Structure formats: structure tokens, C-alpha cells
Amino acid sequence: MSSKTGAKDRRRRRRRGVKAPVPAAPKAATPRTNDRQTPENVTVADHTDHTDQADQADQADQADRDEPGRDETGRDGTGGDGTTQDGTEQLPRNESARHTGHARDDADDDRGPEDSWTSTAEPGPGAPSAEPGRAPAATGKPRGYRRRDVRPAKRAAQDARRRAWRNRAVERRAMFATLTGSAGFAVLLVLVAIQWSPLLDMDRSVATWWTTVVTPGSGLADFFLVVQAVSQPWVLRAASVVVAAFVIRAGYRRLGLWLIGAVTVGTLLEWFIKALVARPRPPVARPVSEPLGYSFPSGHALTSALVGSALVIVAFHLGVRTRGKVAAVVAASGTIMLVGLDRVALSVHYVSDVLAAWILAPALLGATVLAFGLGRPRDPAGDHEPERPRRRVAVVLNPSKIDDPTDFRNQVERTAQRGGWEPPEWFETTVDDPGHAMTKAALAAEVDLVIAAGGDGTVRVVCSELADSGVPVGIVPAGTGNLLVRNLGLPLDLREAIEVSFTGSDRRIDLVRVEGDSLETDRFAVMAGLGLDAAVVGEAPAKLKRRVGWAAYAVSIARNLSFPALRVDIAVDDHPPVRRWARTVLIGNVGTLHGGLELLPEAEPDDGMLDVVAVAPRRLTEWPHVAWRVIRRSKAQDERLHTWRGRRVVVTAAEDCPRQLDGDVVDAGRELRCEIEPGVLVIRMPSTERRH
């Protein structure tokens with residue numbers, strides 16, 4: 001039997017469900033001569049796996065059916081046995097079918113009416129090459145064609161259909177609630193108006209029974225009176241207005257206006273129906289509460305049902321997580337039921353008054369949903385609630401300061417996702433670069449927020465690079481001192497600091513540009529020190545700082561109390577320099593030190609001024625006196641403690657001495673030249689309002 005006939009027989013067996021027999025033994029292929037075989041000496045090698053042979057036969061059969069101009073004898077240059085007419089072997093199916101027209105049968109569903117094949121300059125990777133002795137496999141399309149992927153367009157169409165279906169579902173539900181609620185309320189209104197005796201008997205019997213359970217002065221009476229006070233209609237209406245303001249501020253204008261409109265319509269309709277029906281309240285011999293006005297429908301029950309259900313709709317519309325949706329539904333349902341029970345238990349409303357309110361609420365909500373078009377898609381032109389743009393954030397992280405970097409990353413990413421931000425871009429500092437290149441890379445990425453996570457050194461570098469950029473910085477303190485955080489009143493808790501970074505309000509503060517001998521131009525936000533202060537910072541034990549925090553500086557202070565006095569010249573603005581002997585000189589943008597000590601009580605981070613202090617106790621016994629003056633915030637000036645204020649300060653020492661910027665020790669030198677840069681840094685501060 002020829003190879004072509006054998007392949008056709010195998011195909012017939014596969015279609016009938018008959019398994020092809022396994023060959024007894026594989027046949028050896030005739031060796032090639034000069035890399036080429038002739039039809040006379042070619043013997044097809046049967047594979048031990050008969051499934052591979054059947055797959056190759058199926059490939060040939062598919063090509064026979066799909067490609068025009070190809071017959072069973074292989075006039076396109078391919079024989080029925082899987083070899084070309086010149087004797088070379090055809091590419092295996094997993095190569096040729098992947099890059100040629102043989103793979104079309106798995107993509108027919110994706111092809112549209114237009115031609116989904118585009119020409120390319122070069123064949124795709126893995127395509128057959130024009131080597132001597134080998135012929136390209138037949139594809140049914142000219143060589144160099146490949147299929148265009150139309151799946152993204154198909155997915156976009158599916159998403160559009162899904163959104164349209166959801167919008168129609170919202171409108172159908174709103175229409176159903178409006179019709180059923182209106183019909184039910186109309187029936188109950190008629191029964192009350194005609195004083196239908198079964199309904200009246202039920203109302204009176206329930207009201208009478210509750211008067212025996214809830215008596216004046218009892219614990220139940222006190223409880224229900226508290227519920228009545230908390231669920232006053234004006235309280236619930238005010239709460240809905242506040243929620244609507246936050247929703248509008250967050251960019252959902254139509255949703256917020258709907259919330260206000262639904263509550264307003266419900267209030268007006270309640271007043272109108274009460275005046276129309278004029279139903280008196282239940283007569284009670286010893287009333288626990290004596291409200292004014294008519295009884296039908298219950299205002300407390302209607303307002304609680306309106307506001308509670310509306311807030312659930314808002315939560316669903318804003319895409320709150322499933323856990324939040326369940327919590328909203330449970331809280332709203334419990335509140336509505338409790339308020340309704342309160343009205344009946346206090347005998348200020350009949351059962352039918354509460355039922356009428358509960359039936360009227362969904363009718364009002366459905367009608368207002370249709371009126372405000374909450375089921376319609378958002379207007380791309382922005383006439384309705386505009387889509388909130390996804391903002392970008394970069395995190396400059398000092399990993400050595402974070403105890404659990406993985407957990408920290410997860411917290412930041414969850415907070416960003418919850419606030420509608422894009423996934424954060426991460427930049428880690430190194431020993432050689434505390435954050436300069438990382439912050440520059442973040443600015444080059446055009447982010448909307450930079451979060452500095454680390455100690456005072458990391459914060460200083462990030463703030464310095466962000467000066468005059470307009471990009472706000474959020475600070476997550478993870479160091480020992482965190483002086484800027486303490487002076488600004490920022491949260492020290494990691495989780496709270498992350499939240500403030502994303503949702504806080506912006507505030508502009510000053511930075512200080514500093515220069516000096518052997519010191520490149522830099523900036524600081526807290527303090528620069530020369531003398532004892534820098535020596536204390538530099539000699540504080542690192543291990544002790546990690547264990548006890550800023551208290552570790554007490555050990556270093558004790559070691560350096562005998563630090564020698566320096567002769568310094570202090571020049572403020574255009575005034576002539578003043579010569580002093582001082583243990584340390586501090587130039588501050590803020591004034592509070594560790595432990596809440598206000599060394600510069602007049603210093604403010606946004607006043608556009610620098611504050612300078614020279615501390616110069618002449619002997620060890622004078623240190624307590626200096627400390628007591630600092631604790632009392634004394635304004636007295638003398639040789640031991642003297643302060644100045646100005647915009648430019650130059651401090652020059654007679655000899656090299658230690659220097660520090662915001663707790664980072666820099667090269668020793670003799671000079672610090674500082675100048676204030678007012679309002680160049682935007683920083684995220686805690687805020688009770690949600691930032692738009």
C-alpha cells in the first residue's frame with residue numbers, strides 16, 4: 001500500500017472512531033546522498049508513536065481542504081506522504097502550522113469580514129528558510145504573511161456589551177421598584193383613606209400591646225427614646241448631604257446630586273401625603289413620647305429607608321469591595337428595621353404607617369434613579385461624572401530602615417489601589433546614593449506623588465531633589481530622629497503615614513540651600529549644625545539607635561559634654577559678623593529637638609526665615625542652666641545662649657570641625673553658608689477632607 005493510500009486509510013479510521021494499528025517495527029530511512037533524496041530511494045520512516053503520523057496526515061488533509069489549487073497528488077510541491085516532490089522532508093506540524101496558514105483553523109472565530117492577514121518584510125521566527133535542498137512548506141498564502149491579532153478588538157466589544165447590559169439591568173430594576181412600590185403604596189393609601197376595618201383593627205391591637213411592654217421610665221422606653229433621637233429625619237438628611245458632598249468631590253457629580261435629589265423629593269412627598277391624609281397618631285393613655293404632626297406615613301421610617309438604601313446604592317456604584325458591600329447592606333437593613341420597630345414600640349405610629357414608608361422608599365429611589373440617569377453610561381465629554389484619572393506615585397525606599405519591606409510594599413500597593421492610583425514605581429536607595437538618582441528618575445517618570453520612606457537622611461535628599469518641582473512628597477518615617485515629621489505634626493505610625501501620603505492635603509514649606517568649604521551645594525529641611533551637635537550625631541551608636549530610637553543620643557551627649565569651644569564668626573543677612581566662642585551653632589528651619597525641646601521657639605517651616613542659635617556654656621556646670629532655659633523657652637540672650645533670625649546666614653569657624661545636615665554627618669570643615677528658599681517644597685499633611 002502506498003504512503004498516500006495508507007494516510008487516507010488512517011484518516012478514515014479516525015473519523016469512524018477506529019484506532020490505527022501500531023506498526024510492528026519501524027522502518028529505517030534510506031540515507032541521504034548529497035543532502036538530497038530522490039523519489040525512487042525515499043522510504044518514509046514510521047514513527048513509534050502512531051499518533052504523530054495521524055497528526056501529520058490530518059495536517060495534509062486540512063491543507064487539501066483549505067487551500068485552493070491543491071489536489072490529492074500534491075501538485076503544490078508536496079507529496080501525500082509528507083515529503084516534497086524533490087524528496088526533502090516537510091517541516092513537522094509544530095513548526096510549519098505555527099507560522100503558516102495551517103494554523104488558521106484555530107483562529108477562524110477571530111477573523112472578521114476583512115482580510116486578517118498582513119504582509120511582513122521578513123518571515124516570522126521559525127519560518128522555513130530557503131536552504132539548498134529544502135523547499136518551503138505550502139501555506140496557502142504567500143510566504144511572509146502572518147495573521148493579525150484581532151482579539152483585543154473582540155475583547156473591547158465584549159466589554160462594551162457587558163457595560164451596556166449592566167446599564168440596562170440598572171434601569172430595569174429601577175423601573176420594577178418604581179412600579180411595584182407605587183402600586184403597593186397606592187393600595188395601602190386607599191385602605192387607610194377608606195378606613196378599612198381589618199387594617200385598622202390590626203393597627204390598634206399592635207399599638208395596644210406595645211403600650212403594655214414599653215412603659216414610661218422602663219429600660220426599653222429609654223432605649224427606644226435614644227433610637228428616636230439618633231434617627232431624627234433632619235440628622236439623616238444632614239448625613240446624606242455630607243456623603244453627597246464627598247461623592248461629588250471625588251468626581252462622581254451625578255451620583256452625588258442624585259443622593260441629594262432623592263432625599264429632597266422624599267421629604268417633600270412625605271409632607272404632602274401627611275397633609276393630604278391627615279391621619280392622627282395612635283391614642284395612648286400614658287405616652288412615652290409625644291411627637292407632633294400627623295401619622296401617615298412615618299417620617300423616621302421613610303427617611304431611614306431612603307438614606308440607608310441610597311447609601312448602599314452609592315457603595316455599589318463606587319465599586320466598593322465585596323466585604324464592604326455586604327457590610328453596607330447589613331448595616332442599612334439593621335438600621336431600617338430598628339427605626340421601624342422604634343416607631344411602633346413607642347406607639348407614635350401604626351404598623352401601616354411604617355409599612356407605607358418602607359413601600360414608598362424603593363418607589364422614590366427607582367424613580368430618581370431613572371430621572372438622574374444612573375443607568376446611562378458616563379458622558380465621555382464630561383457632562384456628567386468624569387472618570388477620575390489614574391495618578392502615578394513613586395516610592396523612594398531606604399530598605400535598611402524598614403523592618404519588613406515586603407509587608408511595607410503590600411501596604412503601599414493596597415492603599416494606592418484603594419485610592420485609584422496606578423501601581424507604585426519603586427526606587428531603592430543604596431549606600432553610595434541615598435536617593436538623588438532615585439528621585440530624579442521618579443521626576444523623569446512624571447509621577448504625581450513621591451513617597452520618601454526612610455530616616456531623616458533619605459527624607460532630606462528626596463525633599464532637596466523635589467524643590468521647585470511642584471510634585472508633593474509624602475513622608476513615611478522609618479528612622480531614629482524623624483525631626484521633620486515631629487515638627488510638622490505628621491504621623492509616626494507606618495500605616496497612618498502611608499494613608500496621609502495618598503489622601504492628605506498639600507502644604508508648602510521652606511527649604512534651606514547650604515554651601516561650604518569641601519561641601520557641594522545641598523539643601524536641608526530641619527537643621528544644620530557645626531561643632532558639638534554634629535559630633536553627637538556622628539558618635540551615636542548605630543545598634544543602640546535601632547533599639548531605643550532617639551534616646552541613644554543621650555549616650556553620645558554624655559560622651560561629648562567636654563567638647564571644646566570653637567571660635568566662630570556668625571554673619572546674618574547684611575549685618576557685620578559677630579565673633580563668639582561656642583560649643584555648637586545650629587541653623588534651623590524648624591525649632592523642636594528630640595524629646596520636644598524647643599531650642600528655637602520662633603522657628604516655623606514656612607515663615608521664610610532662618611533661626612540661628614549659638615550654645616556656649618563655659619564649663620560643664622553651666623549645662624544644666626542652659627538646659628533649664630531651653631525647657632522654659634526663655635527669651636533671655638547672653639553669652640551662653642544667643643539667637644539670631646535672617647534670610648542668609650554664614651557661620652565660619654577658626655578651625656575644621658564636625659558638620660551635619662538633618663542628622664547626616666558631612667565632611668568636616670570650617671564654614672556653612674545657608675540661605676532660605678521660601679515655599680519650594682510641597683508636602684503632604686494630614687487632612688480631614690479627602691483630596692480630589
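**Exercise 1.** In which helix is Ser464 found?

Solution. Ser464 lies in helix α14 (residues 456-466); helices are DSSP runs of H or I with at least four residues, strands are runs of E with at least two, and both are numbered from the N terminus. The model is predicted, so local features need pLDDT of at least 70 and side-chain atom pairs count only at pLDDT 80 or more, while totals for chains, interfaces and linings use all residues. Residues are numbered from 1 along each chain as its sequence is written, and side-chain values use heavy atoms, with hydrogens and water left out.

**Exercise 2.** State whether Ser464 is buried or exposed, and list what Ser464 touches.

Solution. The relative accessible area of Ser464 is 6%. Buried means under 20%, exposed over 50% and partly exposed in between (1.4 Å probe, protein chains only), so Ser464 is buried. Leaving out residues up to four places away in sequence, Ser464 touches Leu511, Asp522 and Arg523; contact means heavy atoms within 4.5 Å.

**Exercise 3.** Classify the ring pair of Phe408 and Trp426, and place both residues.

Solution. Rings of Phe, Tyr and Trp (its six-membered ring) pair if their centres lie within 6.5 Å; planes under 30 degrees apart are stacked, over 60 edge-to-face and the rest tilted. For Phe408 and Trp426 the values are 6.0 Å centre to centre and 75 degrees between the planes, an edge-to-face pair. Phe408 is in helix α12 (residues 405-418) and Trp426 in strand β4 (residues 425-428), 18 residues apart. Both Phe408 and Trp426 are buried.
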